[in-house]
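Here's a quick walk through the model shown below. Keep the viewer open and follow along.

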Amino acid sequence: MSTDPSGVSRVPVPWNRTIPRSRLFDALSLLLPAGEAFVIETLEQWRAQVGDSLATPMQAEVDRLIREERAHQRAHRRYNQALIAETPVATAAALRASRAADELADLSLPMKMALTVAFEHLTTVLSREILGRPYLLPDDGSRHSRMWRWHAQEELAHSHVAMEAAALCGIGHGRRALALCLATACLSFDVLCCWSALCRCDTAAGASRLSLLVDACSFVLRGLPSLARMGLGWCRGFVPTAGAARRGAK
Ligand SMILES: [Fe+2]
Ligand SMILES: [Fe+2]
């Protein structure tokens with residue numbers, strides 16, 4: 001399925017119950033197109049390098065992942081345009097993410113493959129939580145919810161592909177673990193910076209600082225089970241996977 005069902009053309013605040021909850025997803029959306037561009041470029045570079053040695057089913061899986069990530073980029077760029085129109089400060093976050101992704105372009109292909117696995121793992125962990133539990137994002141049929149759920153479903157469906165590609169590429173467990181730690185630290189920092197910039201913008205526009213603080217604390221406290229589940233899922237990224245390379249080789 002590569003049909004963006006969103007058509008999100010406005011990002012009213014709050015669209016996800018409270019400002020802190022809405023701004024968390026807005027921050028993620030601003031960072032995603034740059035991360036997806038990195039994943040696409042890395043897999044295309046790897047595919048060009050391995051050429052015909054790739055089994056046909058694996059070629060099809062990689063093609064599907066790239067196609068789906070491009071569709072996600074288009075959806076999030078539309079979403080981000082609407083967001084920037086209403087909250088211009090969001091431009092800086094999107095530019096910063098794209099500069100950070102550009103800096104990664106000079107890394108070696110094995111390191112970029114390891115980071116691709118890490119980014120895909122992080123999106124898989126979040127997608128599983130979004131689809132499995134309604135806490136972070138209610139399944140209320142709104143355009144925003146539908147877009148995020150569509151993205152999450154496709155992430156889960158292609159979550160194995162980057163790992164199998166990395167196994168074929170001979171990426172070791174240590175490099176993958178390092179990449180997962182780096183990607184998690186960088187992404188968490190960027191999301192936090194972007195989230196706080198958006199929230200500051202909301203308070204400057206008249207939102208109550210106190211109620212925003214109360215909502216943020218309540219979101220975190222009531223979200224502890226979600227955080228624990230995602231933490232466990234994150235740890236699975238350190239488990240070595242056997243047989244992935246055999247499945248993709250000719
Ligand atoms: Fe994606
Ligand atoms: Fe993905």
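## Valine 161 and its helix

Valine 161 sits in helix H6, where helices and strands are DSSP runs numbered from the N terminus (helices are H or I with at least four residues, strands are E with at least two). Valine 161 counts as buried because it has 23 C-beta neighbours inside 10 Å. The cut-offs behind that word: a residue is buried if 20 or more other C-beta atoms lie within 10 Å of its own, exposed if 12 or fewer, and partly exposed in between, with C-beta atoms placed from the backbone. Setting aside neighbours within four places in sequence, valine 161 is in contact with Glu61, Val62 and Leu65; contact here means that the two C-beta atoms, placed from the backbone, lie within 7 Å. Valine 161 and valine 117 are 44 residues apart along the chain, and their C-alpha atoms are separated by 8.7 Å.

How much of H6 is covered? The helix runs over residues 161–168, and 8 of its 8 residues are buried. Along with Val161, that takes in Ala162, Met163, Glu164, Ala165, Ala166, Ala167 and Leu168. Just after H6, glycine 170 takes a positive phi of about 80 degrees.

## What you're looking at

This is a predicted model, so a few filters apply: local features need pLDDT of at least 70, side-chain atom pairs count only at pLDDT 80 or more, and totals for chains, interfaces and linings use all residues. Residues are numbered from 1 along each chain as its sequence is written, while chains are lettered from A and ligands numbered from 1 in the order in which they are written.

## The overall fold

The protein has 10 helices and 0 strands, so from the N terminus on its elements read α-α-α-α-α-α-α-α-α-α. Its radius of gyration is 18 Å, close to the 18 Å that the globule rule gives for 250 residues, so the protein is as compact as a globular protein of that length. That radius is taken over C-alpha atoms, and the rule is 2.2 Å times the number of residues to the power 0.38. Taken along the principal axes, the C-alpha atoms fill a box of roughly 60 × 35 × 35 Å.

Of the 250 residues, 37% are buried. Among contacts with a separation of 6 or more, 84% come from residues 24 or more positions apart.

## The nonpolar core

Which residues touch the most other members of the largest nonpolar core? They are Ala27, Ala118, Ala165 and Ala166, in a core of 52 residues. A nonpolar core is a set of buried Ala, Val, Leu, Ile, Met, Phe, Trp, Tyr and Cys residues joined through C-beta atoms within 7 Å. Two or more residues each come from H1, helix H2 (56–86), helix H3 (90–104), helix H4 (109–132), helix H5 (143–157), H6 and helix H7 (173–204). H1 gives the most, with 13 residues.

Take alanine 27: beyond its neighbours within four places in sequence, it is in contact with Ala93, Val191, Cys194, Trp195 and Leu198.

## Around H1

Serine 29 lies in H1, which spans residues 19–50. Serine 29 counts as buried because 27 C-beta neighbours fall inside 10 Å. Not counting residues up to four places away in sequence, serine 29 touches His76, Tyr79, Asn80 and Leu83. Methionine 230 is 201 residues away from serine 29 along the chain, and their C-alpha atoms are separated by 19 Å.

In the segment before H1 you'll find arginine 17. Its phi is near 70 degrees, a positive value in a residue other than glycine. Arginine 17 is partly exposed because it has 13 other C-beta atoms within 10 Å.

## The barely covered parts

Now for H8 and H9. Helix H8 (residues 209–222) is hardly covered, with a count of 1 buried residue among its 14. H8 reaches 20 Å from its first C-alpha to its last, close to the 20 Å expected at 1.5 Å a residue; the expected span is 1.5 Å times one less than the number of residues. Helix H9 (residues 224–235) is hardly covered too, with 0 of its 12 residues buried. H9 reaches 16 Å, close to the 16 Å expected.

Serine 108 lies in the loop between H3 and H4. Serine 108 is exposed because it has 9 other C-beta atoms within 10 Å. Glutamate 129 is 21 residues from serine 108 along the chain, with 32 Å separating their C-alpha atoms.
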